[in-house]
Amino acid sequence: MMSMKCAICGRPATTFCIRCRRPICNNCLDRTWYLCKECASLKWELEADYHRRLNYIKALYSFIKDKSREEQCKDCIILRELLIDLLKSVKGILYEAEKEGFSEVVSRAKGLESNISQLLLRILVSQGIAIFDQGQSKS
Ligand SMILES: [Zn+2]
Ligand SMILES: [Zn+2]
């Protein structure tokens, strides 16, 4: 096979980026993702975005948790609806992050999913609601 030049820096290429398929050299390879530097930067940016979204969900979860202890709020339907919404968001992130291979995002999302589920269950029980979302049953 004839020698190819790295599409980024022009040095002799040693492999191909599995995303953009361009020839790349060792220097321009991101070993975490086995992508060229340019494709990998998108991946890192996406991962950071998931973390930002989880930070926001976590803050909202803490807020709801505090509110749920207040006498005038504990029977509030809005808290319940907000939590159900948060749970859906976390499940969505979990699903996407698993596909993307973002293991740190996955483990954070799993922790949040479990916390939110527990709080939701407690609120549902205290509000006297026996039915439960079918999305709850997972491994
Ligand atoms: Zn290069
Ligand atoms: Zn690439």
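This is a short talk through the overall layout, the helices and the cores of one predicted model.

Let me begin with confidence, since what we are looking at is a prediction. The chain averages a pLDDT of 90, and 91% of the residues score at least 70. Confidence is highest in strand E2, residues 23-24, at 97, and lowest in helix H3, where the mean is 94.

Now to the overall layout. The secondary structure comes to three helices and four strands, and if you read along the sequence you meet them in the pattern β-β-β-β-α-α-α. The radius of gyration of the chain is 22 Å, well over the 14 Å that the globule rule gives for 139 residues, so the chain is more spread out than a compact globule. You can also see this in the box that the C-alpha atoms fill, which is roughly 75 × 25 × 15 Å along the principal axes. The domain assignment gives domain 1, residues 1-31, and domain 2, residues 44-133, and the centres of these two domains, taken over C-alpha atoms, are separated by 42 Å. Buried residues make up 20% of the 139 residues in the chain.

Let us turn to the helices, starting with H1, which covers residues 37-67. How far apart are the end C-alpha atoms of H1? They are 45 Å apart, and because 31 residues at 1.5 Å a residue should span 45 Å, the two values agree. Within H1, the residues Tyr50, Leu54, Ile57 and Ile64 are buried, and what covers the buried residues of H1 includes helix H2, residues 77-100, and helix H3, residues 103-126.

We can make the same kind of check on H2, whose 24 residues should span 34 Å at 1.5 Å a residue, and whose end C-alpha atoms are 35 Å apart, which agrees. The buried residues of H2 are Leu79, Leu83, Leu86, Leu87, Val90, Ile93, Leu94 and Ala97. It helps here to remember that an α-helix has 3.6 residues a turn, so residues three or four places apart point the same way. These buried residues of H2 pack against H1 and H3. Just after H2 comes Gly101, which takes a positive phi of about 80°.

Let me pause on Leu94, which has its place in helix H2. Is Leu94 buried or exposed? Leu94 counts as buried because 22 other C-beta atoms lie within 10 Å, where the cut-off for a buried residue is 20 or more. Leaving aside neighbours within four places in sequence, Leu94 is in contact with Val106, Ala109, Lys110 and Glu113. Leu94 and Val105 are 11 residues apart in sequence, while their C-alpha atoms are 7.5 Å apart in space.

That brings us to the cores. In soluble globular proteins, nonpolar side chains tend to be buried together. The largest nonpolar core here has 19 residues, of which Leu83, Val90, Ile93 and Ala109 touch the most other members. Helices H1, H2 and H3 each supply at least two residues of this core, and H2 gives the most, with eight residues. If we again set aside residues up to four places away in sequence, Ile93 touches Tyr50, Arg53, Leu54, Val105 and Ala109. Apart from this core lies another, of eight residues, among them Ala13, Ile24, Leu29 and Leu35.

Definitions and conventions:
Residues numbered from 1 in each chain as written. Chains lettered and ligands numbered in written order. Expected span 1.5 Å × (residues − 1). Buried ≥ 20, exposed ≤ 12 C-beta atoms within 10 Å, placed from the backbone. Contact = placed C-beta atoms within 7 Å. Domains from an automatic or database assignment. Rg over C-alpha atoms; globule rule 2.2 N^0.38 Å. Core = buried A, V, L, I, M, F, W, Y, C linked by C-beta atoms within 7 Å. pLDDT = per-residue confidence, 0-100.
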